[in-house]
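Q: Could you take me through a close look at how the protein meets the DNA in this model? I would like the contacts first, and then the surrounding parts.

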Number of protein chains: 2
Amino acid sequence: MTNALHKRLACFTELDESDLAHLDRLCEDVRTVKVGEDLIGEREKPEEVFIQLEGWACRYKILPDGNRQITGYLLPGDMCDVFVFILEHMDHGIGALSDITYAAVSKQKIIDIFDSHPRIAKALWWSTLVDESILRQWLTNMGQRFAYERMAHIFCELWLRMKVVGLAAGDEFHLPLTQNQLGDTIGLTPVHVNRTLQRMRNEGLVELDNKRLKICDIEKLKEIAQFNSEYLHMKRC
Amino acid sequence: MTNALHKRLACFTELDESDLAHLDRLCEDVRTVKVGEDLIGEREKPEEVFIQLEGWACRYKILPDGNRQITGYLLPGDMCDVFVFILEHMDHGIGALSDITYAAVSKQKIIDIFDSHPRIAKALWWSTLVDESILRQWLTNMGQRFAYERMAHIFCELWLRMKVVGLAAGDEFHLPLTQNQLGDTIGLTPVHVNRTLQRMRNEGLVELDNKRLKICDIEKLKEIAQFNSEYLHMKRC
DNA sequence: GGCTCTCAATAACATAAGATAGGCATCGTT
DNA sequence: AACGATGCCTATCTTATGTTATTGAGAGCC
């Protein structure tokens, strides 16, 4: 079940057997959450770090007027707020987009890693820095790109991230999002998400049906999005 | 000259005399950069951490089509990419928006802090996490808010950040941005930045002249922006 | 002195995306 | 079988914002 985690960290660094074994031991406290429920709510005080094992979750912010912005996805192998216990409270929530399983790792175990497993510690830092880099890229897409390009970009990113953890065989992967949620991600109304999606289908770029996204023409998609994967910092992929 | 740095970190934690003295020693390698020049370019490999002492800098990304997105501001007292030497290369550039002075701190000195000065180390983590939180907030503004609200929000944020480092006396502060750069920050064309600014002036919210922004009605501005400062995690301010 | 630049301001027009509404499936519940 | 909820799709109309272009003020330069 920690397979995705191993693959994800392998993008950054080579971990030896003892590191991998230690990672697996960290993931012993496995929990499940049903679709639609929160792993942690906005304004709560986090006491543990989460490692995503199966399924999709997202970070989100709810505004006073009820609008919601999804600010990131947690895919299998992703880690969540490694240093978050430094902050007093969450400035956003984390919710399950599908039924998920994750491992809860105590604060103390994280602190111990920094003393005893420097390679893992470095990988945790890497993960945090990549999260930040993705945010910068999303902000850039939102500020400088049209709906069509933004959608192409998010599809390219998710495709690549699923691929490195072995979950996008045959250019097809599980995308457990409603059009509404996709809109909350790239700042569009559901109606315009639909329009944009229809256009992509008509142009033979993607197929999306029954929560599965099939990438039909990745090169074209990358071109539309001006997609450059460097911001994901996967130096070993 | 490290006054702003002290004030900034004081938002998060109480540092004692020896911590403050150590901070000052870190800031001995002071450098200057002229407006318009880069502190570090996109794709370069960073070897040092920067501590902003005077003036404004920004993080930015340039897209293949020439568009630019500003993804963050570095104000006096801000620190830059404390852990960045984990990544192979910069995924964005850092440029000077005014003449600036900053301190360059070597990789090794940063690593030493984590061994010898845990309170400072924690403050560095805090700084990184706040950067990430600001990015989430900017993304949310970009995705869910109109131009008028976005502009109100960025003014509220900058006002507060300048205030905590003692640089916004009398609700007025130095804002060394052209309307073009402001547009690159909140995802607007210069023409629409100007329109939006005129509206704010007409409604008596702000005055902006000669690179100085005066906040005339902060309460109204906060209301328009639905501004809630919690995302800045200034627990002691 | 006139030159070029940059920046702010404004006007006229174009369009990407939002708002509203309705129809049609599917699915779980009673 | 009837029901309500949810998600997808489409059409029509509106509007926030982009595009293009012009003007004038100020700053630096030779």
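A: H7(A) is the element that gives the most to the surface near DNA strand D, supplying five residues. Please keep in mind that this is a predicted model, and that every distance below is computed from it. Around DNA strand D there are 15 residues, and those that come nearest are Gln179(A), Asn194(A), Arg201(A), Ala147(B) and Arg195(B). By class, the residues of this surface divide into five nonpolar, seven polar and three charged.

What share of the atoms of DNA strand D within 4 Å of the protein belongs to sugar or phosphate? The share is 67%, and the rest belong to bases.

Chain B offers some specific contacts with this strand. In the side chain of Arg195(B), an N or O atom is 2.8 Å from a base nitrogen of DNA strand D. Thr189(B) turns to the backbone of the DNA instead: an N or O atom of its side chain is 3.1 Å from a phosphate oxygen of DNA strand D. With Gly187(B), the protein atom is a backbone N or O, and it lies 3.4 Å from a phosphate oxygen of DNA strand D. The elements that give two or more residues to this surface are helix H7 (190-202) of chain A and helix H7 (190-202) of chain B.

Now for the other DNA strand. The surface near DNA strand C takes its largest share, five residues, from H7(B). H7 of chain A and H7 of chain B each supply at least two residues there. Of the 15 residues around DNA strand C, the nearest are Ala147(A), Thr189(A), Arg195(A), Gln179(B) and Arg201(B). Five nonpolar, seven polar and three charged residues make up this surface. Among the atoms of DNA strand C within 4 Å of the protein, 67% belong to sugar or phosphate, with the rest in bases.

Three side chains of chain B can be followed to DNA strand C. Gln179(B) has a polar side-chain atom 2.7 Å from a phosphate oxygen of that strand. For Asn194(B), a polar side-chain atom lies 3.2 Å from a phosphate oxygen of DNA strand C. Gln198(B) places a polar side-chain atom 3.4 Å from a sugar or linking oxygen of DNA strand C.

One residue of chain A is worth a look here. Gly183(A) lies in helix H6 (residues 179-186) of chain A. Is Gly183(A) buried or exposed? Its relative accessibility is 1%, so Gly183(A) counts as buried, the cut-off for buried being under 20%. Trp159(A) is 24 residues apart from Gly183(A) along the chain, and their C-alpha atoms are separated by 18 Å.

Next comes the largest pocket, which has a volume of about 700 Å³. It is lined by 23 residues, and Phe114(A), Asp115(A), Trp125(A), Phe114(B) and Trp125(B) lie nearest its centre. Both chains take part: helix H3 (107-116) and helix H4 (118-144) of chain A, together with helix H3 (107-116) and helix H4 (118-144) of chain B, each supply at least two lining residues. H3(B) gives the most to this lining, with five residues. By class, the lining has 18 nonpolar, no polar and five charged residues.

Finally, the strands. Strands of a sheet pair through backbone hydrogen bonds, either parallel or antiparallel. In chain A, an open sheet of four strands follows the order S1-S8-S3-S6, with antiparallel pairing. Its edge strands, S1 (30-33) and S6 (79-80) of chain A, each pair on one side only. Strand S3 (residues 48-54) of chain A is joined to S6(A) by two bridges, and these strands run antiparallel. There, Phe50(A) stands opposite Cys80(A) in S6(A).

In chain B, strand S7 (residues 93-96) is covered on both faces. Gly93(B) and Gly95(B) are buried on one side, and Ile94(B) and Ala96(B) are buried on the other. Strand S2 (residues 38-40) of chain B pairs with S7(B) in the antiparallel sense over two bridges, and Ile40(B) has Ile94(B) as its bridge partner in S7(B). Four bridges join strand S4 (residues 57-62) of chain B to S7(B), again antiparallel, with Ala96(B) as the bridge partner of Ala57(B).

Methods:
Residues are numbered from 1 along each chain as its sequence is written. Chains are lettered from A and ligands numbered from 1 in the order in which they are written. This is a predicted model: local features need pLDDT of at least 70, side-chain atom pairs count only at pLDDT 80 or more; totals for chains, interfaces and linings use all residues. Side-chain values use heavy atoms; hydrogens and water are left out. Two strands pair if DSSP finds at least two bridges between them. A residue is near a molecule or strand if one of its heavy atoms lies within 4 Å of it. A polar contact is a pair of N or O atoms within 3.5 Å; within protein, one must be able to donate a hydrogen and the other to accept it, and residues adjacent in sequence count only if both atoms are side-chain atoms. Ala, Val, Leu, Ile, Met, Phe, Trp, Tyr, Cys and Pro count as nonpolar, Asp, Glu, Lys and Arg as charged, and the others, Gly among them, as polar. On a 1 Å grid over the protein atoms alone, a cavity is a set of points where a 1.4 Å probe fits but cannot get out, and a pocket is an open set with protein on both sides within 12 Å along at least five of seven lines; lining residues have an atom within 4 Å of a point. Grid points are joined across faces, edges and corners, and a volume is the space filled by probe spheres set on the points. Buried means under 20% relative accessible area, exposed over 50%, partly exposed in between (1.4 Å probe, protein chains only).
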